[in-house]
Amino acid sequence: TMRRVVRQSKFRHVFGQAVKNDQCYDDIRVSRVTWDSSFCAVNPRFVAIIIEASGGGAFLVLPLHKTGRIDKSYPTVCGHTGPVLDIDWCPHNDQVIASGSEDCTVMVWQIPENGLTLSLTEPVVILEGHSKRVGIVAWHPTARNVLLSAGCDNAIIIWNVGTGEALINLDDMHSDMIYNVSWNRNGSLICTASKDKKVRVIDPRKQEIVAEKEKAHEGARPMRAIFLADGNVFTTGFSRMSERQLALWNPKNMQEPIALHEMDTSNGVLLPFYDPDTSIIYLCGKGDSSIRYFEITDESPYVHYLNTFSSKEPQRGMGYMPKRGLDVNKCEIARFFKLHERKCEPIIMTVPRKSDLFQDDLYPDTAGPEAALEAEEWFEGKNADPLLISLKHGYIPGKNRDLKVVKKNILDSKPSANKKCDLISVPKKTTDTASVQNEAKLDEILKEIKSIKDTICNQDERISKLEQQMEKIAA
């Protein structure tokens with residue numbers, strides 16, 4: 001008889017471990033919105049968490065070291081007038097975060113270097129173009145200041161955040177709600193999963209569908225689709241019998257999946273988190289209390305189950321740390337930030353190794369924080385792979401430059417038939433006394449608006465404090 005040989009892999013013994021209680025972030029009212037995003041975004045400096053907020057939408061931004069109990073009066077980012085549905089840190093600036101909301105807008109925020117001391121109500125830029133709530137925001141992986149948003153109006157808009165303009169609007173490709181959008185490694189293509197059960201691969205600049213698969217998963221529940229580093233597409237979804245599935249597809253031939261695995265009959269949507277350096281995919285089901293992880297290789301069965309990290313508490317959402325935020329001295333290959341109902345708990349994935357030396361097989365050069373392209377170059381058709389950095393001596397965060405938004409002066413630009421070519425026009429300085437007076441007036445109005453917003457924010461906090469007091473009295 002043939003003895004079954006266990007597949008060799010350096011990741012076979014990866015194990016997960018939750019941190020001690022004093023290293024968690026406690027007493028956070030995690031958002032109760034029924035939306036299938038991860039509710040949490042992390043980078044090497046900050047963890048951002050969407051929270052419950054009366055009278056609008058808010059999220060917390062905490063410096064990573066600020067563990068323990070978070071005070072009720074801790075400042076929030078609270079400029080949206082409806083609940084926040086999705087947040088995403090800019091990969092090229094650790095102080096810039098984008099948020100999409102039920103109020104149909106996308107806002108981009110600049111967080112002070114050491115975190116917030118006052119609630120932030122003024123975004124750097126407000127991006128308006130969706131007619132329904134915005135449930136997805138995703139930064140371009142290699143081009144600076146390029147942001148994608150997708151809304152319940154079934155439209156995808158790609159923005160140049162540096163000028164505050166929508167430059168690409170894909171509004172006729174999806175006939176039903178978009179569940180998620182993922183950029184490929186160099187940001188030349190996106191793939192989407194939609195309620196019409198189709199997975200589409202789209203070239204956003206040519207505005208055409210390159211490949212699509214109908215009924216990638218037969219079930220009616222939400223799917224997810226993400227690009228892998230080799231250009232294949234990985235999907236999670238449900239079978240007709242409501243079993244959870246995962247599948248691997250080659251966009252050049254979407255007839256049959258490269259691999260298709262049934263998993264279990266739980267009904268939480270599987271959120272995939274992918275590490276291109278190690279080819280490991282972590283699946284975190286919403287409402288599950290486990291994280292399963294798989295290695296993707298080019299030999300059958302292509303998707304190899306590694307292990308499961310289990311805990312007692314179900315997860316409301318999950319943040320995933322970029323590679324440069326990990327501790328290479330401890331052979332940490334992934335770090336998750338698991339949201340409970342009232343707290344956020346980091347979970348560390350480690351490869352057990354005896355040696356204290358830098359393990360270069362676990363840490364190939366990884367995507368660094370420098371953008372490979374400017375927004376204009378990408379919109380003109382250029383592509384570039386991420387600029388890689390070595391993690392040999394750990395990652396030392398550099399100084400981030402401030403995000404500046406250059407609003408075009410409409411009077412300066414000549415009317416052009418094709419708006420897309422007209423990418424940059426620098427506003428001319430006018431020394432007109434009339435315009436100076438106007439600017440002064442505008443400043444005054446803006447200051448007034450800001451003070452009103454601050455008052456509202458303070459009242460908001462006061463109301464929530466009073467509500468808590470009421471609850472205590474009632475209890």
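These legends accompany close-up views of a predicted model.

**View 1. Four strands make an open sheet.**
The strand order is β8-β9-β10-β11. Pairing in this sheet is antiparallel. Strand β8 covers residues 84-89 and strand β11 covers residues 125-128. Both stand at the edges, and each has a single partner strand, so one side of each lacks a neighbour in the sheet. From one strand to the next, the twist averages 20 degrees.

**View 2. Strands β9 and β10 pair within the open sheet.**
Strand β9 spans residues 96-101, and strand β10 spans residues 105-110. The two run antiparallel. Five bridges join them. Look for Val 96: opposite this residue, in β10, stands Gln 110.

**View 3. UniProt marks WD repeats along the chain.**
The record is an unreviewed entry. It places the feature "repeat: WD" at residues 77-119, 127-169 and 171-212. Take the span 127-169: its end C-alpha atoms lie 13 Å apart. This span is 56% strand and 0% helix. For residues 171-212, the end C-alpha atoms are 17 Å apart. Here the content is 50% strand and 0% helix.

**View 4. One disulfide links distant parts of the chain.**
The structure holds one disulfide. The bond joins Cys 78 to Cys 457, with an S to S distance of 2.3 Å. Cys 78 sits in strand β7, residues 77-80. Cys 457 sits in helix α2, residues 433-474. The two cysteines are 379 residues apart in the chain. Both are buried.

**View 5. Cys 24 and Cys 284 are in no disulfide.**
For Cys 24, the nearest cysteine sulfur belongs to Cys 344. That sulfur is 7.6 Å away, while a disulfide requires cysteine sulfur atoms within 2.5 Å. Is Cys 24 buried or exposed? Cys 24 is buried, with a relative accessible area of 0%. For Cys 284, the nearest cysteine sulfur is that of Cys 40, 11 Å away. Cys 284 also counts as buried, at 1% relative accessibility.

**View 6. Strand β21 is mostly covered.**
The strand runs over residues 233-238. Six of its six residues are buried. Which residues point which way from β21? Val 233, Thr 235 and Gly 237 point one way. Phe 234, Thr 236 and Phe 238 point the other way. Residues on both sides are buried.

**View 7. Strand β20 pairs with β21.**
Strand β20 takes in residues 224-227. Four bridges join β20 to β21, and the strands run antiparallel. One bridge partnership to find is Arg 224 with Thr 236 in β21. The two strands form a hairpin with five residues between them. In this hairpin, Gly 231 takes a positive phi near 95 degrees.

**View 8. Strand β22 also pairs with β21.**
Strand β22 comprises residues 244-249. How many bridges join β21 to β22? There are six, and the strands run antiparallel. Thr 235 has Ala 247 in β22 as its bridge partner. β21 and β22 form a hairpin, with five residues between them. Ser 242 lies in the turn and has a positive phi of about 65 degrees.

Methods. Residues numbered from 1 in each chain as written. Predicted model: local features only at pLDDT ≥ 70, side-chain atom pairs only at ≥ 80, totals over all residues. Heavy atoms only, no water. Pairing = 2+ DSSP bridges. Axes fitted to C-alpha atoms, helices over the stretch in contact; angles between N-to-C directions. UniProt positions renumbered as here; feature names shortened; annotations may be inferred. Buried < 20%, exposed > 50% of the residue type's maximum accessible area, 1.4 Å probe, protein only.
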